[in-house]
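Colleague: I have a few questions about this model, and I would be glad of your help. Let's have it on screen while we talk.

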Amino acid sequence: MRLISRESGRPVFYLAEEMQDAKQVLNNMAKNIYDLLGKGKIDPKGYVYTKNMPIGTVLYIPSWRYPILQTMISSVANLMLGNCVIMNTPENLPSSYERI
């Protein structure tokens, strides 16, 4: 966290909060994986079919403001669907994203 703090200029306290938020979101995603992926729901007028198929490779360009939270949410959601994730890291946080 000190490395991210040094590169981003954000205090370690905020990064610790961001880590807790990321942990909470990821735990929620893990508990509700089948609901998030969808099984299809019945509409009053008929059926609605939901198909979750990987689309292939996804390019992710993260924000430097919330490096941990946004990266984890976007990456895990795409990996759950079976996509490959390629990240274009911000220029001001090169070492931080090597660790992530």
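Colleague: Which residues make the nonpolar surface patch of about 240 Å²?

Modeller: This is a predicted model, where local features need pLDDT of at least 70 and side-chain atom pairs count only at pLDDT 80 or more, while totals for chains, interfaces and linings use all residues. Residues are numbered from 1 along each chain as its sequence is written, and side-chain values use heavy atoms, leaving out hydrogens and water. A patch takes residues with over 30% relative accessible area and no salt bridge, joining like charges within 9 Å and nonpolar side chains (Val, Leu, Ile, Met, Phe, Trp, Tyr) within 5 Å; a salt bridge puts a side-chain nitrogen of Lys or Arg within 4 Å of a carboxyl oxygen of Asp or Glu. With areas from the Shrake-Rupley method (1.4 Å probe, only the protein chains shown counting as cover for residues), the patch of about 240 Å² is made by Met1, Val12 and Met19.

Colleague: Is Met1 buried, partly exposed or exposed?

Modeller: Met1 sits in the segment before helix 1 (2–8), where helices (H or I, at least four residues) and strands (E, at least two) are DSSP runs numbered from the N terminus. Buried means under 20% relative accessible area, exposed over 50%, and partly exposed in between, with a 1.4 Å probe and protein chains only. Met1 has 42% relative accessibility, so the class is partly exposed.

Colleague: Next along the chain, what is the C-alpha separation of Arg2 and Leu15?

Modeller: Arg2 belongs to helix 1 and is exposed at 70% relative accessible area. Arg2 and Leu15 are 13 residues apart along the chain, and their C-alpha atoms are separated by 8.9 Å.

Colleague: Which elements each supply at least two residues of the largest nonpolar core?

Modeller: A nonpolar core is a set of buried Ala, Val, Leu, Ile, Met, Phe, Trp, Tyr and Cys residues joined through side-chain atoms within 4.5 Å. The largest one has 5 residues: Ile4, Leu15, Ala22, Ile68 and Leu69. At least two of its residues come from each of helix 2 (12–31) and helix 4.

Colleague: Which residues does Leu15 touch, not counting those up to four places away in sequence?

Modeller: Contact here means heavy atoms within 4.5 Å. Setting aside residues up to four places away in sequence, the partners of Leu15 are Met1, Ile4, Ser5, Arg10 and Ile68.

Colleague: How far apart in space are Leu69 and Ala22, C-alpha to C-alpha?

Modeller: Leu69 is in helix 4 and counts as buried because its relative accessible area is 19%. Beyond four places in sequence, Leu69 touches Glu18, Asp21 and Ala22. Leu69 and Ala22 lie 47 residues apart in sequence, and from C-alpha to C-alpha the distance is 4.9 Å.

Colleague: Helix 4 also holds Ser75, so to speak of that one: is Ser75 buried or exposed?

Modeller: Ser75 is in helix 4 (residues 67–80) and touches Val85 and Met87, leaving out residues up to four places away in sequence. With a relative accessible area of 11%, Ser75 is buried.

Colleague: What kind of aromatic pair do Phe13 and Tyr14 form?

Modeller: The structure holds 1 aromatic pair, where rings of Phe, Tyr and Trp (its six-membered ring) pair if their centres lie within 6.5 Å, and planes under 30 degrees apart count as stacked, over 60 as edge-to-face and the rest as tilted. Phe13 is exposed at 53% relative accessibility, and Tyr14 is partly exposed at 43%. The ring centres of Phe13 and Tyr14 are 5.6 Å apart and their planes stand at 65 degrees, so the pair is edge-to-face.

Colleague: Which residues is Trp64 in contact with, leaving aside neighbours within four places in sequence?

Modeller: Trp64 lies in the loop between strand 3 (57–60) and helix 4, and is partly exposed at 36% relative accessibility. Its C-alpha is 8.9 Å from that of Glu91, 27 residues apart in sequence. Without those neighbours, the contacts of Trp64 are Ser8, Pro90, Asn92 and Leu93.

Colleague: And in what order do the elements of the protein chain run from the N terminus on?

Modeller: The protein chain has 5 helices and 4 strands. Starting at the N terminus, their order is α-α-α-β-β-β-α-β-α.
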